[in-house]
Number of protein chains: 2
Amino acid sequence: MTVHLRASEALYLWRSAMLAMVRNDGPDLTQRQLTILLQIYLEPPPHTVRGLAALLGVTKPVITRALDTMGAMGLVHRTRDKTDRRNVVIQRTVEGSEYIEQLGRIIVRQGEELGV
Amino acid sequence: MTVHLRASEALYLWRSAMLAMVRNDGPDLTQRQLTILLQIYLEPPPHTVRGLAALLGVTKPVITRALDTMGAMGLVHRTRDKTDRRNVVIQRTVEGSEYIEQLGRIIVRQGEELGV
DNA sequence: AACTATCGTTTCGCTACCGTATCAGTTTGC
DNA sequence: GCAAACTGATACGGTAGCGAAACGATAGTT
């Protein structure tokens with residue numbers, strides 16, 4: 001890339017990658033769900049419901065529901081914290097890692113095709 | 001940016017921008033809706049329902065419903081094609097332009113903070 | 001032991017999305 | 001002129017999201 005990403009470049013990149021994701025027929029995650037998933041896989045653990053809720057600026061049920069959905073898809077896994085059983089620790093899965101890696105590849109590929 | 005966007009950089013950029021969008025409390029568009037909106041604003045007209053459906057690889061009702069929703073939000077506008085009244089021409093709005101511009105600014109800002 | 005605080009989940013009523021099938025209106029082709 | 005083709009919209013039944021409120025389980029406090 002050049003010195004910085006320009007707005008128009010950014011938007012073209014965004015559209016291309018989103019288009020590839022939509023056409024890909026994979027899990028159709030909401031923006032919130034994808035944000036949660038990225039946070040889990042990009043930042044070191046532990047990840048908790050309340051932490052994610054605070055980060056995203058949403059209520060806790062939003063996180064619980066998103067984890068329900070993505071858990072059913074196999075993208076994340078939940079376990080009770082053994083030291084404080086009120087907490088739930090959100091863990092990564094192989095399937096989730098593969099999804100994130102695929103997303104990264106899609107963005108990079110679209111960026112290359114745009115010369116970004 | 002350097003020579004190319006690496007996968008990890010791409011994912012961090014993606015997460016940061018999506019996080020900013022989620023926290024922004026703006027219209028909560030689905031991935032499909034946002035893809036449609038970007039297509040309308042980045043590519044020259046005319047844009048039609050069938051064209052967008054073919055591009056995204058979805059059925060026509062998906063496009064109609066997305067346009068219903070985004071139309072109610074003021075992000076797009078629909079008009080009948082005068083030369084062929086079967087067609088509907090999808091048009092941009094000031095509000096939609098502002099939304100897209102804001103999205104571009106968010107991505108660029110997050111990219112700058114990541115040094116991408 | 002009893003009270004309080006915290007954590008994640010569940011419930012409620014509601015809204016919006018999905019895919020499939022079908023629709024009315026318009027144009028095309030014979 | 002009239003049937004076929006095509007466009008976008010609509011109906012249907014089902015699924016999943018939302019915010020607000022309440023809940024059960026656990027931990028901390030006195």
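A salt bridge is a side-chain nitrogen of Lys or Arg lying within 4 Å of a carboxyl oxygen of Asp or Glu. The legends below describe a predicted model, in which local features need pLDDT of at least 70 and side-chain atom pairs count only at pLDDT 80 or more, while totals for chains, interfaces and linings use all residues; side-chain values use heavy atoms, with hydrogens and water left out. Residues are numbered from 1 along each chain as its sequence is written, and chains are lettered from A and ligands numbered from 1 in the order in which they are written.

**Figure 1. A salt bridge between chains A and B joins B:Arg15 to A:Glu43.** The closest N and O atoms of the two residues are 2.9 Å apart. B:Arg15 belongs to helix H1 (residues 7-23) of chain B, whereas A:Glu43 lies in the loop between helix H2 (31-42) and helix H3 (49-56) of chain A. Helices (H or I, at least four residues) and strands (E, at least two) are DSSP runs, numbered from the N terminus. B:Arg15 is buried, at 10% relative accessibility, and A:Glu43 is partly exposed, at 24%. Here buried means under 20% relative accessible area, exposed over 50% and partly exposed in between (1.4 Å probe, protein chains only). Over all chains, the whole structure holds 6 salt bridges.

**Figure 2. A:Arg78 and A:Asp68 form a salt bridge within chain A.** The N to O distance is 2.5 Å. This pair links distant parts of the chain, 10 residues apart: A:Arg78 is in strand S1 (residues 76-80) and A:Asp68 is in helix H4 (residues 60-72). A:Arg78 has a relative accessibility of 33% and counts as partly exposed; A:Asp68, at 40%, is also partly exposed.

**Figure 3. B:Arg86 and B:Asp84 are paired in a salt bridge.** Their closest N and O atoms are 3.0 Å apart. B:Arg86 is exposed, with 69% relative accessibility, whereas B:Asp84 is partly exposed, at 23%.

**Figure 4. Protein residues surround DNA strand D.** The strand has 21 residues around it, the closest being A:Arg32, A:Gln33, A:Thr69, B:Lys60 and B:Thr64; a residue is near a strand if one of its heavy atoms lies within 4 Å of it. Of the atoms of DNA strand D that come within 4 Å of the protein, 69% are accounted for by sugar and phosphate. The side chain of A:Arg65 has an N or O atom 3.3 Å from a base oxygen of the strand. For A:Arg85, a backbone N or O atom lies 3.0 Å from a phosphate oxygen of DNA strand D. The surface near the strand divides into 5 nonpolar, 7 polar and 9 charged residues, and H4(A) gives the most to this surface, with 4 residues. Asp, Glu, Lys and Arg count as charged, Ala, Val, Leu, Ile, Met, Phe, Trp, Tyr, Cys and Pro as nonpolar, and the others, Gly among them, as polar.

**Figure 5. The largest pocket is lined by residues of both chains.** Of its 16 lining residues, A:Met21, A:Val22, A:Asp25, A:Gly26 and A:Pro27 lie nearest the centre. Two or more residues each come from helix H1 (7-23) and helix H5 (94-114) of chain A and from helix H2 (31-42) of chain B. A pocket is an open set of points on a 1 Å grid over the protein atoms alone, where a 1.4 Å probe fits, with protein on both sides within 12 Å along at least five of seven lines; lining residues have an atom within 4 Å of a point.

Note on methods: A polar contact is a pair of N or O atoms within 3.5 Å; within protein, one must be able to donate a hydrogen and the other to accept it, and residues adjacent in sequence count only if both atoms are side-chain atoms.
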